[in-house]
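Q: Please take a close look at one part of this model. Pick a residue to start from, then work outward through its surroundings and give the numbers as you go.

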Amino acid sequence: MNKFFDFNHPFYRPLWIRVLIVVLTGGWGIFEFIAGSPFWGTIFCGTSALAFHSLFIAFDPREPEAPADQAKGDETK
């Protein structure tokens, strides 16, 4: 089963993309709090916290390993 967000996708490998995602979502959350929308501020700050954890703390920048049957070149399906 696939994850809802696949943070190990090659799109997230460059550092600038990971920083940009965290800064934009956190900044938008702060903007929402300043604008008087605590619900949306909480949603965006929570998203920023999830992105920070997934993209910096639990992030594995290595290439994902291919399944064993594909690694051997076994095409018998």
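A: Start at Arg18. Leaving aside neighbours within four places in sequence, Arg18 is in contact with Tyr12, Arg13, Leu55, Phe56 and Phe59. The model is predicted. Arg18 sits in helix H1, which covers residues 15-34. Its relative accessibility is 11%, so Arg18 counts as buried; the limit is under 20%. What does a polar atom of the Arg18 side chain lie 3.1 Å from? It is the backbone oxygen of Leu55.

Leu55 leads on to the nonpolar core. The largest one has 6 residues: Phe7, Tyr12, Val22, Ala51, Leu55 and Phe59. Among the residues that Arg18 contacts are Tyr12, Leu55 and Phe59, and each of these three belongs to that core.

Now Phe7. Its relative accessibility is 15%, so Phe7 is buried. Beyond four places in sequence, Phe7 is in contact with Tyr12, Ser54, Leu55 and Phe59. Ser54 lies in helix H2. Ser54 is buried too, because its relative accessible area is 13%. With the same sequence neighbours set aside, Ser54 is in contact with Phe7 and Phe59. Phe59 thus recurs in the contacts of Arg18, of Phe7 and of Ser54.

Next, the rings. The count comes to 7 aromatic pairs. One of them joins Phe7 and Tyr12: the centres are 5.5 Å apart, the angle between the planes is 55°, and the pair is tilted. Tyr12 is buried as well, because its relative accessible area is 17%. Another pair is Phe39 with Trp40: the centres are 5.2 Å apart and the planes stand at 80°, so this pair is edge-to-face. Phe39 is exposed, because its relative accessibility is 53%. Trp40 has a relative accessible area of 45%, so it is partly exposed. Phe39 and Trp40 share one aromatic cluster with Trp28, Phe31 and Phe44.

Back to the helix that holds Arg18. H1 has 20 residues; at 1.5 Å a residue they should span 28 Å, and the end C-alpha atoms are 28 Å apart, which agrees. Which residues of H1 are buried? They are Ile17, Arg18, Val22, Thr25, Gly26, Gly29 and Glu32. Down the axis of H1 they fall within an arc of 155°, so the buried residues line one face. The general geometry helps here: an α-helix has 3.6 residues a turn, so residues three or four places apart point the same way. On the face of H1 turned away from the buried side are the exposed residues Trp16, Val23, Leu24 and Ile34. After H1 comes Gly36, with a positive phi near 95°.

What covers the buried side? The cover of the buried residues of H1 includes helix H2, residues 38-57. Cys45 is placed in H2. Leaving aside neighbours within four places in sequence, Cys45 is in contact with Thr25, Gly26, Gly29, Ile30 and Phe33. Thr25, Gly26 and Gly29 are among the buried residues of H1. Cys45 itself is partly exposed, because its relative accessibility is 27%. Cys45 and Val22 are 23 residues apart in sequence, and their C-alpha atoms are 9.2 Å apart. Val22 closes the loop: it is a buried residue of H1 and a member of the largest nonpolar core.

Key:
Residues numbered from 1 in each chain as written. Predicted model: local features only at pLDDT ≥ 70, side-chain atom pairs only at ≥ 80, totals over all residues. Heavy atoms only, no water. Core = buried A, V, L, I, M, F, W, Y, C linked by side-chain atoms within 4.5 Å. Buried < 20%, exposed > 50% of the residue type's maximum accessible area, 1.4 Å probe, protein only. Contact = heavy atoms within 4.5 Å. Helix = DSSP H or I, 4+ residues; strand = E, 2+ residues; numbered from the N terminus. Polar contact = N/O pair within 3.5 Å; in protein donor to acceptor, adjacent residues only side chain to side chain. Phe/Tyr/Trp six-rings, centres within 6.5 Å; stacked < 30°, edge-to-face > 60°. Expected span 1.5 Å × (residues − 1). Arc of directions from axis to C-beta.
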